[in-house]
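Subject: The structure you asked about

Hello,

Here is the structure I promised, with the sequence alongside. Please open it in your viewer and keep it on screen while you read my notes.

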Amino acid sequence: NGSPVYDSYAEEEKAKYLGVFKAGVDSVLENITYQVGTIQPGAGEGEAELSILFIGNSHTYYNDLPLIAKDIFAAAGIDAEVTMLTQGGKCLDWHYEQKQTRFNILYGGYDYIVLQSRASDFDPEAYLESGKKIYDEWISKTDATPILYMVWSNRGKKKEEQPALTAANVELAKYMNGRVA
């Protein structure tokens, strides 16, 4: 009948939340999600050599960070699949509340998970709390390496704000045994 056939309910849910759109499956995603990836000879059947999830806001979206990363890897001969979960102006605490964030982290099979929060109204304590929850509850249960994409303080704001942004990212990366970019 042309409808997609799934092995289980979980496979259908995975298709919805990971942005794998098939005929007859309506997306339930509430924010921007997309995947870019190709398969090259030598990669596993249906798998890219490297898989990266980007979680953030307009800093990630408007700078097209996932596609830039994919292009950098491609220039080195590495096939990377990238997935983006973004919503303008949102912090990690907002992403923590989204079903697709949890699902992507736990079931996406990512090698790297890049987390980015906003610079405006930056609250170091809230950032650390939500980052630790995301790590403790989800990332730590995977084989993914966390990377914190450190944003810069807003123009027009005092230079004093950048040290707080930097310190919070370094502290959270140490907690996660991750990296800061």
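In what follows, helices (H or I, at least four residues) and strands (E, at least two) are DSSP runs, numbered from the N terminus. Please bear in mind that this is a predicted model.

With those labels, N177 can be placed in the loop between α7 and β6 (179-180). Its phi is near 55°, a positive value in a residue other than glycine. With a relative accessible area of 61%, N177 is exposed. D64 also has a positive phi without being a glycine, this time near 50°. You will find D64 in the loop between α2 (58-62) and α3, and at 28% relative accessibility this residue counts as partly exposed.

From D64 you can move straight on to helix α3, residues 65-75. Which residues are buried in this helix? They are P66, A69 and K70. These three cover an arc of only 100° around the axis, so they sit on the same side of α3. That fits the general pattern: an α-helix has 3.6 residues a turn, so residues three or four places apart point the same way. On the other side of α3, I72 and A75 are exposed. Just after the helix comes G77, with a positive phi of about 80°.

Now to the interior. In soluble globular proteins, nonpolar side chains tend to be buried together. Here the largest nonpolar core has 25 residues, and I105, I113, L115 and I134 are those with the most contacts inside it. Two or more residues each come from β2 (50-56), α4, β4 (112-115), α6 and α7 (161-176). The most come from α7, which gives five residues to this core. I134 is a good residue to click on: leaving aside its neighbours within four places in sequence, I134 is in contact with L92, Y96, I105, L115 and I139. Apart from this core lies another one of nine residues, among them L50, A69, V82 and I147. A69 is thus a residue to look at twice, as it is also one of the buried residues of α3.

Last, the aromatic rings. How many aromatic pairs are there? The count comes to five. One of them is Y96 with W138: the ring centres are 5.0 Å apart and the planes are at 20°, under the 30 degrees cut-off, so the pair is stacked. This pair links distant parts of the chain, with Y96 in helix α4 (residues 92-96) and W138 in the loop between α6 (124-137) and β5 (145-148), 42 residues apart. Y96 has 16% relative accessibility and W138 has 6%, and since buried means under 20%, both count as buried. F122 and Y127 form another aromatic pair, which is tilted, at 5.4 Å centre to centre and with 50° between the planes. Y127 is buried too, with a relative accessible area of 4%.

Two lysines also lie over rings. K133 is over the face of Y96, at 4.3 Å from the ring centre. The charged end of K132 sits over the ring of Y175, 4.8 Å from its centre. If you have time for one stop, I would choose Y96, where the stacking with W138, the contact with I134 and the lysine K133 come together.

Best wishes

Conventions: Residues are numbered from 1 along each chain as its sequence is written. This is a predicted model: local features need pLDDT of at least 70, side-chain atom pairs count only at pLDDT 80 or more; totals for chains, interfaces and linings use all residues. Side-chain values use heavy atoms; hydrogens and water are left out. Rings of Phe, Tyr and Trp (its six-membered ring) pair if their centres lie within 6.5 Å; planes under 30 degrees apart count as stacked, over 60 as edge-to-face and the rest as tilted. Buried means under 20% relative accessible area, exposed over 50%, partly exposed in between (1.4 Å probe, protein chains only). A charge sits over a ring if NZ of Lys or CZ of Arg is within 6 Å of the ring centre and within 35 degrees of the ring normal. The arc is that of the directions from the helix axis to the C-beta atoms. A nonpolar core is a set of buried Ala, Val, Leu, Ile, Met, Phe, Trp, Tyr and Cys residues joined through side-chain atoms within 4.5 Å. Contact means heavy atoms within 4.5 Å.
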